[in-house]
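Student: I've got a new model on my screen and would like to learn how to read it. Could you walk me through it, feature by feature?

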Amino acid sequence: MNIPKDLRYVKTHEWASKEGKNVRIGITDHAQHEITDVVHVELPSKGKKVEKGQPCAVVESVKSAFDIYAPVSGTVIEVNDKLDSNPELVNQSPYKDGFFVVIEASNMPEYDSLMSPEDYEKSLK
Amino acid sequence: MNYIPVNEKDNKAMLESIGVKDAAELFSVIPEEARIAKLDMPEGISEHKLVKELERLAARNLSSKEYASYLGAGVYEHFIPAVVGEITNRSEFSTAYTPYQPEASQGTLQAIFEYQSMIAELTGLDVSNASLYDGASAAAEAALLCVRSTGKKKIAVSKALHPEYRKVIATYLRGSGITIVEIELDNGATSLADATKLCDAETGGLVIQSPNFFGIIEDLAEFKAVAQNCSALLAAVINPLSLGVLSSPGECGADIAVGEGQVLGNPAGLGGFTFGFLAVKKEFAWKIPGRIVGQTTDNKGDRGYVLTLQSREQHIRREKATSNICTNSALNALAACVYLSGWGPDGMRKLGEQNIAKSSYAFEQIIKIPGFSPAFPGRAFFNEFAVKTDRNVEELGKKLLSKKIMGPLPLKGFHAGMADTVLFCVTETKTREDIDRLVKTLSEI
Amino acid sequence: MEKQLIEMMEQGQTGYSLPESDVPATALPPLPDKYLRKTRPSLPELSEPEILRHFTRLSRLNYALSTNFYPLGSCTMKYNPPVNEILSGLPGFKYIHPYQPETSLQGAMELMYNLSESLCEISGMHAFTLQPAAGAHGEFTGLLIISSYFKARGEKRTKIIVPDSAHGTNPASAALAGFEIIAVKSGPDGLLDVEKIKETLTPDVAAIMLTVPNTLGVFEKNILKISKLAKKNGSLMYYDGANLNAILGNARPGDFGFDLIHINLHKTFSTPHGGGGPGAGPVGVKKHLAEFLPVPRIEKKRGKFGFDYDLPESIGKVRSFYGNFPVLVKAYAYILALGSDGLRRTGTQAVVNANYMLSKLKSSLPAPAGDRCMHEFVLTGKPLVEYGVRTLDIAKRLLDFKYYAPTIYFPTIVEEAIMIEPTETETKATLDGFIETFLKIIEEAKQNPDMARHAPHTTPVGRLNEVEAARKPVLKWGKVQ
């Protein structure tokens, strides 16, 4: 299971990456593996306000749908449009091309309280 | 009558295998006080008696087989080619289940795919679903779709929509906290001025019907401009049979097209052979209600069809589904598919033109009769037209009935201030002789 | 592979003949150009023989109830008597308009009135609406009635209790009606814990929505206790009638304490499924809820029938006109034909057939709800997972033997669920044939898993790629060159 060392994690299998004032988010390799083939991702639109721990997106396979929870609060400033026609990017490259959105964080300390890679790995056992 | 093919010997063997002496033991789990000894209704009857009884009930109705009917208003009598019934009566179609196991349901799935394709073509939009219950609930779903897509909480609905559709939209939206504002009439059509006034930044959708309840053709492109101005969507409620000759919702810029599909190959049946169609621009595909069939390939590379985009639906999304719909009106949509297969673009155009020609002829002759005048002068119409009369509307109806003519529809119960107005519907099923007889009978009353 | 209509077309062909257009031109102005269609629709141009052949060939690609055994749990795929098709097609039923004068519709109204009365007797309710077009539509109607009831009483109740074994339409309908869903965890047999229900019954609970027997085919033995608790809390009890076939003629939901119910005519009352409808989901209510029913209601005054629209507390309308009338005709004919004795035998036989199958199949896969069931039962395909075979594969393998697969992955509370409902209209020989095949397939799954994993092998198409269908949706045919 791929768990990059430079990211932070949430128990509900989201990852977060700090980029200055912003936080890029997506779902982990473990998650995409559990969901199997992703066929559709419902993303919030640019400008939408999200709250830590609240559902902000939906990932869908042929037979199921999963809520994705915002790791931090803030405003969505970038949406990965590529997922519209290429949802398989979530399976192929969950940490890079398959990212979901970039959030301008309103409360950056929330990021620091997220799980470390080691803690996330432990939670998977 | 008995449809149970299990005899006593087999039942005995089955009970033995289960390990009980009597079938009643299997019901012991039901509390005694909640069980009944028998139902208080008559015993079963033979097929012969059943047929006699139902024929008796059917004979108590007057049908358009014996009476010339000029009733429309949401349910229409059109010519239905024999091939349509031949196909929908096939038990392989009628007794099949929902195609959840696609490999065993390619017949239904391909037919629905072809239906979706033709609806998309006719409406000039990108994606059609596999059908809804009827035009009214489809209009309600369109309103909900506008709200779901825009995130706004207000819908503007034209008063020229079929009154039952308006009522259903209001009922459907009750639980959702959405405000409905109604756009006023202007000489029988939707008032552009009022629409412009009512549509504001909070409006998520405009719902306009064309031809409207009075048969009047609306200028959908104008309402698209109004909708665009306030970043709302345009949901057009249309008559698919008219789309061989009238401009499509897609051409007018509509985002959503819905309506009643009964006109396509289904009989009037007391308004019970309905199906709602819903078509949208492709960006709304993942937000629409209802089943959708998609084309794909199998593990040998052959083409096949499956239900797709299912994660929108109730069996996966439950309370977050785009709709609660499960069973829809597949067989009626199949009838529409077979019906549409045989006209082609020229046939559809000619069909529309004939409906226009015959209703126009009837209109022209009727308003020549003293005491009959157009209710909405100057308005272009399709199939139906409203007429003001100085006759007592109730007496008129009774006298026409005595001459084996049904209709026109008195508008008294539908709109205030229209106690003297009636709605005539003339389709391609009427001959010149029929229309002349109607006119003659009217003029003698 | 059957061509698509658009691939078969020949330019200039028309299948159907238009009626003669014999009216003279009028002096009216032509339609303004802005109303006329500019783009030519790309529709097929075909002859009638081609159309007939195409759709006849398509029909033969289907497994249908008329040709195959359909043990679909929760769907009640029972025999669809052809006489009912003929009766619903009688001219006096087919060629009538909903807005004809009432005096000209007395037969249709009598039928609907009688059907409502029969359904009241069968279910223990006071009044029915025949308007809803399907079960989910009925649920939505019922939930709106519940909402109106509490609004009229000035009580703010926003929650609906639903067991986690409920059909997806239950929470979806509740959400549409503006309620919050509280899912209650049921036991491994799907049964509800009375104590848990008690805890969840807060003053803001409007109703409990239940299917009885539940979606595992087990009768809710504490139903009377649960009803009493609901009543004490001032909450209503809603019955999802999907499983009514189990208790038909032997017991009635009204007697269990339910305040309102919906019935699926296309399940319990033999009307055909049509490949996905039309069905009908009439809603029945006890007296205290009758004023909220949709308009119009059919009333009988001095032997004459009329449409009553004067119902100020009505929830409104959930569809245009009166309901799926031809479906109502078929259900009515079915009820008349069977009568009180026939309906009772139906429920009894449905339960015997299901228990027989369970007694023979429980050796192959575990039945989480135990050795007894009502009209349907659930097995779990979990033991096959270690062989690399899942419930989906078993379902596909059954297709090879000309059986439509049972319901799979529902209810969601059972892992790798397989739900089997034979109904009463199957011979023991048919049941034995299925049992034998099922047992063989389970064995084969352990010895030679690839047969199941790559099934079906003998159907018109092999296993279809649903992932691509969703990722790259092709939802209509391509343009004609």
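Tutor: Sure. Keep in mind that this is a predicted model. Let's begin where chains meet: 176 residues of chain B are in contact with 177 residues of chain C.

Student: Which element gives the most to the side of chain B that touches chain C?

Tutor: That's α12(B), with 13 residues. By class, this side of chain B splits into 83 nonpolar, 58 polar and 35 charged residues.

Student: How is the size of an interface often given?

Tutor: As a general idea, the size of an interface is often quoted as the accessible area lost when the parts come together. Here we're working with residue contacts, so take two residues as touching if their C-beta atoms, placed from the backbone, lie within 7 Å.

Student: How many residues of chain C are in contact with chain A?

Tutor: 4 residues of chain C, and they meet 6 residues of chain A. On the chain C side, that's 2 nonpolar and 2 charged residues, with no polar ones.

Student: Let's go inside chain B. What does the domain assignment give?

Tutor: Domain 1 is written in two pieces, 68-80 and 344-444, while domain 2 covers 83-341. Taken over C-alpha atoms, the centres of these two domains of chain B are 27 Å apart. Their contact takes 26 residues from domain 1 and 28 residues from domain 2.

Student: Which elements of chain B each supply at least two residues of the domain 1 side of that contact?

Tutor: α12 (344-366) and β14 (384-389). α12(B) gives the most, with 7 residues. By class, the domain 1 side has 17 nonpolar, 4 polar and 5 charged residues.

Student: β14 is a strand, then. How do I read a sheet?

Tutor: The general idea is that strands of a sheet pair through backbone hydrogen bonds, either parallel or antiparallel. In chain B, take the open sheet of 4 strands: its order is β13-β14-β17-β16, and the pairing is antiparallel.

Student: Which strands stand at the edges, and why is one side of each left without a neighbour in the sheet?

Tutor: β13 (372-374) and β16 (409-410) of chain B are the edge strands; each has a single partner strand, so one side of each has no neighbour in the sheet.

Student: How many bridges join β14(B) to β17(B)?

Tutor: There are 5 bridges between β14(B) and β17(B), the latter covering residues 421-425, and the two strands run antiparallel. For the register, look at Glu384(B), whose bridge partner in β17(B) is Cys425(B). Phe385(B), in turn, stands opposite Phe424(B) in β17(B).

Student: And how many bridges join β16(B) to β17(B)?

Tutor: 2 bridges, again with antiparallel strands. Pro410(B) has Val422(B) as its bridge partner in β17(B).

Student: Is β17(B) mostly covered or exposed, and which way do its residues point?

Tutor: Mostly covered: 5 of its 5 residues are buried. Thr421(B), Leu423(B) and Cys425(B) point one way from the strand, and Val422(B) and Phe424(B) point the other way.

Student: What lies across β13, β14 and β17 of chain B?

Tutor: α12(B) does, running at about 10° to β14(B). You've met this helix already, as the element that gives the most to the side of chain B touching chain C.

Student: Let me try a single residue. Where does Gln262(B) lie, and why does it count as buried?

Tutor: Gln262(B) sits in the loop between β9 (256-260) and β10 (276-280) of chain B. Burial here is a neighbour count, with a cut-off of 20 or more other C-beta atoms within 10 Å. Gln262(B) has 30 C-beta neighbours inside 10 Å, so it counts as buried. Leaving aside neighbours within four places in sequence, its contacts are Val75(B), Phe273(B), Thr274(B) and Phe275(B).

Student: Last one: chain A. How many helices and strands are there in chain A?

Tutor: 5 helices and 9 strands. From the N terminus on, they run β-β-β-α-β-β-β-β-β-α-α-β-α-α. The radius of gyration of chain A is 13 Å, close to the 14 Å that the globule rule gives for 125 residues, so chain A is as compact as a globular protein of that length. Its C-alpha trace spans about 35 × 35 × 20 Å along the principal axes, and buried residues make up 39% of the 125 residues.

Notes: Residues numbered from 1 in each chain as written. Chains lettered and ligands numbered in written order. Predicted model: local features only at pLDDT ≥ 70, side-chain atom pairs only at ≥ 80, totals over all residues. Nonpolar A, V, L, I, M, F, W, Y, C, P; charged D, E, K, R; others polar. Domains from an automatic or database assignment. Rg over C-alpha atoms; globule rule 2.2 N^0.38 Å. Buried ≥ 20, exposed ≤ 12 C-beta atoms within 10 Å, placed from the backbone. Pairing = 2+ DSSP bridges. Axes fitted to C-alpha atoms, helices over the stretch in contact; angles between N-to-C directions.
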